[in-house]
Amino acid sequence: MTWKIIIPLLMAFFEGVVPTSPVPGGLVDIPDIEHNNNAREALNFAVSEHNAKGNSITREITLLRAQSQVVSGVKYVFDVRLEDVQCNNSSSEKGCTCKFEVWSKPRENWKQVTVDTCQ
């Protein structure tokens, strides 16, 4: 009977003491994309696919956020600012914010852009 009281108290105590880690299998931030070759290649692939789809050339890219998730391969999620392209047929603003998701299987040398949305 007392274990029903002790266990929740211990859980509440350790919740504040032990640092929480990301959920296993969840999205994890990529802190330094410059030293992560697979993530950098996935970003370059997504931008080149975006350029091919829109028949444009993007010269300046600002990375806002990069995340990865281990699935059957690796899913990369990138939030980027493309500076020298027009989005949504708007002539007033040069540049847009885009979200790319790339599913990559590095061992099979295979990549696919699953999400390519810009605003």
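**Reading a predicted fold, feature by feature**

Biologist: I have found Leu9 in helix α1 (residues 3-17), but what counts as a helix or a strand here?

Modeller: Helices (H or I, at least four residues) and strands (E, at least two) are DSSP runs, numbered from the N terminus. Please keep in mind that this is a predicted model, in which local features need pLDDT of at least 70 and side-chain atom pairs count only at pLDDT 80 or more, while totals for chains, interfaces and linings use all residues. Residues are numbered from 1 along each chain as its sequence is written, and side-chain values use heavy atoms, with hydrogens and water left out. In this protein chain there are two helices and five strands, and along the sequence they follow the pattern α-β-α-β-β-β-β.

Biologist: Is Leu9 buried or exposed?

Modeller: The terms rest on relative accessible area, with a 1.4 Å probe and protein chains only: buried is under 20%, exposed is over 50%, and partly exposed is in between. Leu9, with a relative accessible area of 57%, is therefore exposed. Across the protein chain, buried residues make up 25% of the 119 residues.

Biologist: Which residues join Leu9 in a nonpolar patch on the surface?

Modeller: A patch is built from residues with over 30% relative accessible area and no salt bridge, where like charges are joined within 9 Å and nonpolar side chains (Val, Leu, Ile, Met, Phe, Trp, Tyr) within 5 Å. Here Ile5 and Ile6 form such a patch with Leu9, and together the three have about 310 Å² of accessible area. Areas of this kind come from the Shrake-Rupley method with a 1.4 Å probe, and for residues only the protein chains shown count as cover. For the protein chain the accessible surface comes to about 8400 Å², of which 54% belongs to carbon and sulfur atoms.

Biologist: Which residues have the most contacts inside the largest nonpolar core?

Modeller: In soluble globular proteins, nonpolar side chains tend to be buried together. A nonpolar core is a set of buried Ala, Val, Leu, Ile, Met, Phe, Trp, Tyr and Cys residues joined through side-chain atoms within 4.5 Å. The largest one in this model has 17 residues, and those with the most contacts inside it are Ile33, Tyr76, Phe78, Val80 and Phe100. Helix α2, strand β3 (73-82) and strand β4 are the elements that give two or more residues to this core.

Biologist: What does Tyr76 touch?

Modeller: Contact means heavy atoms within 4.5 Å. Not counting residues up to four places away in sequence, Tyr76 touches several residues, including Ala39, Ala42, Gln67 and Phe100. Gln67 is in strand β2 (residues 61-71) and is buried, with a relative accessible area of 11%. With the same exclusion of sequence neighbours, Gln67 touches Leu27, Val28, Asp29, Ile30, Lys75, Tyr76 and Val77.

Biologist: How many salt bridges does the structure hold?

Modeller: Side chains of opposite charge can pair when their charged atoms come close. The criterion is a side-chain nitrogen of Lys or Arg within 4 Å of a carboxyl oxygen of Asp or Glu, and the structure holds five such salt bridges. One of them joins Asp116 to Lys53, with the closest N and O atoms 3.3 Å apart; this pair links distant parts of the chain, since Asp116 is in strand β5 and Lys53 in helix α2, 63 residues apart. Glu101 also pairs with Lys75, with 4.0 Å between the closest N and O atoms. Because Glu101 lies in strand β4 and Lys75 in strand β3, the pair ties together parts that are 26 residues apart in sequence. Glu101 is buried at 15% relative accessible area, whereas Lys75 is partly exposed at 22%, and these two residues are linked with Lys99 in a network of salt bridges.

Biologist: Which cysteines form a disulfide?

Modeller: A disulfide is a pair of cysteine sulfur atoms within 2.5 Å, and a search of the whole structure finds one. Cys98 and Cys118 form this link, their sulfur atoms 2.0 Å apart, and with 105° about the S-S bond the link is right-handed. Distant parts of the chain are linked by this pair, with Cys98 in strand β4 (residues 96-105) and Cys118 in strand β5 (residues 110-118), 20 residues apart. Cys98 counts as buried, at 2% relative accessibility.
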